[in-house]
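Q: Please give me a close look at the ligand site, coming in by way of the loops. I'd like the contacts spelled out, and then a quick tour of the backbone oddities elsewhere.

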Amino acid sequence: MDKDVYILAIESSCDETAAAVVKNGREVLSNVIYSQIALHTEYGGVVPEIASRKHIEKINQVILQALAEAGMELQDMTAIAVTYGPGLVGALLVGVSAAKAISFASKIPLVGVHHIEGHISANFIENKDLEPPFVCLVVSGGHSHLVVVKDYGEYEIIGRTRDDAAGEAFDKVARAIGLGYPGGPKIDKAARTGNADAIHFPRAKVGDSEYDFSFSGLKSAVLNYLNSCQMKGEEIVMEDVAASFQKAVVDVLVEHSITAVKKYGYRKFAIAGGVASNSGLREALEAACGKEKIAFYHPSPIYCTDNAAMIGTAAYYEYIKGVRHGFDLNAVPNLKLGERA
Ligand code: KG4
Ligand code: ZN
């Protein structure tokens with residue numbers, strides 16, 4: 001492609017209202033994120049109805065700011081990209097409706113993007129040399145997947161969670177130990193001063209799969225431990241619980257990931273999603289990949305949690321393949337990876 005491709009990307013699948021301008025897939029010209037976290041904290045988690053209303057309030061402002069910070073006009077854009085699934089239906093609809101309206105009014109083509117494809121593509125932003133094929137661990141609030149990225153936009157899911165997502169386990173355990181929402185970053189911080197060997201929590205094996213995950217047993221083990229301490233009148237050292245829980249999650253994620261990379265033989269491994277910003281996970285993967293001589297790629301924390309730059313990057317590779325969406329594009333809350341509307 002000899003002409004530069006500028007993509008205005010929009011993301012509103014959960015509790016971040018975000019817009020970004022991305023040039024030729026890997027150069028982020030602006031990345032505006034309005035986080036609703038403070039708004040949902042008092043409820044202990046994301047309230048879908050509140051999320052949708054806030055997206056409506058903020059979306060135009062966030063889009064205008066993304067264009068302004070990139071120093072560009074809408075008419076300079078090559079395509080308008082938007083996350084259309086998976087996510088909260090009411091939240092997704094706000095972004096999808098805004099993108100369709102802008103595309104219709106400006107006659108700029110529309111490209112719908114899968115949210116997880118966005119998370120995976122976040123790795124391309126700062127790692128200019130990274131190209132498929134590679135193995136990617138996607139760990140977010142709603143998903144835990146081990147994915148073989150065969151080519152741009154082509155995925156094979158080789159492992160998935162059988163129950164809770166990794167981020168969900170972080171959020172639930174954080175609530176149980178009184179850290180509140182959002183749990184991941186708070187457990188990450190508390191774990192730094194705790195003893196990870198203080199309590200032995202189970203590392204769940206899923207009998208018939210080398211790569212699948214299960215985190216609900218671990219969550220129950222933490223709750224049982226807390227109950228039993230309370231009944232016996234024993235002191236609960238919150239930092240030790242956080243560190244021991246985090247280690248149990250990290251051990252399983254690292255073991256499954258390294259097994260997969262060795263089996264597929266690509267020697268390239270990336271991580272994505274909100275939990276990928278966890279410092280314990282990053283350190284453990286750094287060490288394990290170093291030992292096995294596997295190149296380890298990870299986005300900066302700002303590109304791990306929900307943002308629109310990653311959607312712009314994913315959209316670029318879809319766009320150059322010829323993917324375009326019509327005005328019948330709808331929000332698909334349970335959209336499968338690799339599936340296209
Ligand atoms: O990718 P993301 O922003 O949204 C989804 O697509 O789900 O991920 C949010 C999840 C939350 O569960 C949050 O607790 C978790 O990522 N998270 C973390 C950390 N930062 C965010 N989990 C562990 N350690 C962190 N530092
Ligand atoms: Zn996400």
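Coming in by the loops

A: Pro133 lies in the loop between H4 and strand S6, which covers 134-139 (helices are DSSP runs of H or I of at least four residues, strands E runs of at least two, numbered from the N terminus). This is a predicted model, where local features need pLDDT of at least 70, side-chain atom pairs need 80 or more, and totals for chains, interfaces and linings use all residues. Residues count from 1 along each chain as written, chains are lettered from A and ligands numbered from 1 in written order, and side-chain values use heavy atoms, leaving out hydrogens and water.

Back to that loop: the peptide bond joining Pro132 to Pro133 is cis, with omega at about 5°. There's another cis bond between Tyr181 and Pro182, and here omega is about -5°. Pro182 belongs to the loop between H5 and H6, and those two helices bring us to the ligand.

Ligand 1 has 19 residues around it, with Gly141, Asp171, Gly184, Asp188 and Asn278 as the closest (a residue is near if one of its heavy atoms lies within 4 Å). Sorted by class, that shell holds 12 polar residues, 4 nonpolar and 3 charged (Asp, Glu, Lys and Arg are charged; Ala, Val, Leu, Ile, Met, Phe, Trp, Tyr, Cys and Pro are nonpolar; the others, Gly among them, are polar).

Now the polar contacts (N or O pairs within 3.5 Å; within protein, one atom must be able to donate a hydrogen and the other to accept it, and sequence neighbours count only if both atoms are side-chain atoms). Gly142 puts a polar backbone atom 3.3 Å from an oxygen of ligand 1. Gly184 also uses its backbone, with an N or O atom 3.0 Å from a ligand 1 oxygen. Asn278 works through its side chain, where a polar atom lies 2.9 Å from a nitrogen of ligand 1. On its own, ligand 1 has 550 Å² of accessible area, and the protein covers 89% of that (Shrake-Rupley, 1.4 Å probe; for residues, only the protein chains shown count as cover). Three elements each give two or more residues to the shell: H4 (115-126), H5 (166-176) and H6 (183-191).

Let's stay with H4 for a moment, since that helix is home to Ser121. Ser121 counts as buried because its relative accessibility is 3% (buried is under 20%, exposed over 50%, partly exposed in between; 1.4 Å probe, protein chains only). The Ser121 side chain reaches the backbone oxygen of Glu117 at 2.7 Å.

Next, the backbone oddities. Arg267 isn't a glycine, yet its phi is positive, near 60°. You'll find Arg267 in the loop between H8 (238-264) and S9 (268-272); at 35% relative accessibility, it counts as partly exposed. Lys293 shows a positive phi too, near 55°. Lys293 is in the loop that runs between H9 (279-292) and S10 (295-297), and with 68% relative accessible area it's exposed.

One last stop is Met310, in H11 (309-320). Met310 has a relative accessible area of 0%, so it's buried. Follow the chain 30 residues from Met310 to Arg340 and their C-alpha atoms turn out to be 18 Å apart.
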